[in-house]
Amino acid sequence: MKEQRRNEILVKRIAERLKELRKERNLTQENVRFDLELNIGRIEAAQHSITFTTLGDLCDYYGVTLEEFFRGIETK
């Protein structure tokens, strides 16, 4: 079976951005887990890739658009 592609730099930058948004809103990982039934600890630690559906849900939760989320994120 072919191994899934993974851009470590992009995964890390997405993780950092999610953590930044959560902290800007004075939320804990536990708040997010309770409100969305989603454990974001491994996502924020860049240990787990995130789906676009989950990213969309988190952007809605944090009150940002996908465009705003990705602004300034480089893939290299």
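## A helical core, a pocket and two exposed loop residues

Arg 22 is found in helix α1, and in this predicted model the residue makes a useful starting point. Although Arg counts as a charged residue, Arg 22 is buried, with a relative accessible area of 6%. From there the briefing turns to the nonpolar core, to helix α4, to the largest pocket and to some residues in loops.

**Around Arg 22 and Ile 40**

- Arg 22 counts as buried because its relative accessible area of 6% falls under the 20% cut-off.
- When neighbours within four places in sequence are left aside, Arg 22 is in contact with Leu 27, Thr 28, Gln 29, Val 32, Ile 40, Glu 44 and Tyr 62.
- Ile 40, treated in the same manner, is in contact with Arg 22, Gln 29, Val 32, Leu 58 and Tyr 62.
- Gln 29, Val 32 and Tyr 62 therefore appear in the contacts of Arg 22 and also in those of Ile 40, where contact means heavy atoms within 4.5 Å.

**The nonpolar core**

- The largest nonpolar core has 14 residues, and those with the most contacts inside it are Leu 18, Ile 40, Leu 58, Tyr 62 and Phe 69.
- Helices α1 and α4 each supply at least two residues of this core, and α4 gives the most, with four residues.
- In soluble globular proteins, nonpolar side chains tend to be buried together.

**Helix α4 and what follows**

- Within α4, which spans residues 52-62, the buried residues are Thr 54, Leu 55, Gly 56, Leu 58, Cys 59 and Tyr 62.
- An α-helix has 3.6 residues a turn, so residues three or four places apart point the same way.
- The buried residues of α4 pack against α1, α2 and α5, the last of these being residues 66-70.
- Gly 63 follows α4 and has a positive phi, near 75°.

**An aromatic pair in α5**

- The model has two aromatic pairs, and one of them is formed by Phe 69 and Phe 70, which meet edge-to-face at 5.1 Å centre to centre with 85° between the planes.
- Phe 69 counts as buried because its relative accessibility is 0%, whereas Phe 70, at 29% relative accessibility, counts as partly exposed.

**The largest pocket**

- The largest pocket holds about 460 Å³ of space, and 16 residues line it, of which Leu 10, Val 11, Ile 14, Ser 49 and Ile 50 lie nearest its centre.
- The elements that give two or more residues to this lining are α1 (8-24) and α4 (52-62), and α1 gives the most, with four residues.
- Sorted by class, the lining of the largest pocket has nine nonpolar, five polar and two charged residues.

**Two loop residues with positive phi**

- Asn 26 is placed in the loop between α1 and α2 (29-36), and its phi is near 55°, a positive value in a residue other than glycine.
- Asn 26 counts as exposed because its relative accessibility is 70%, which is over the 50% cut-off.
- Glu 37 lies in the loop between α2 and α3 (41-44), and its phi is likewise positive, near 55°, in a residue other than glycine.
- Glu 37 also counts as exposed, since its relative accessibility is 74%.

Notes
Residues numbered from 1 in each chain as written. Predicted model: local features only at pLDDT ≥ 70, side-chain atom pairs only at ≥ 80, totals over all residues. Heavy atoms only, no water. 1 Å grid on protein atoms, 1.4 Å probe; cavity = no way out; pocket = protein on both sides within 12 Å on 5 of 7 lines; lining within 4 Å. Points joined across faces, edges and corners; volume = space filled by probe spheres on them. Phe/Tyr/Trp six-rings, centres within 6.5 Å; stacked < 30°, edge-to-face > 60°. Buried < 20%, exposed > 50% of the residue type's maximum accessible area, 1.4 Å probe, protein only. Core = buried A, V, L, I, M, F, W, Y, C linked by side-chain atoms within 4.5 Å.
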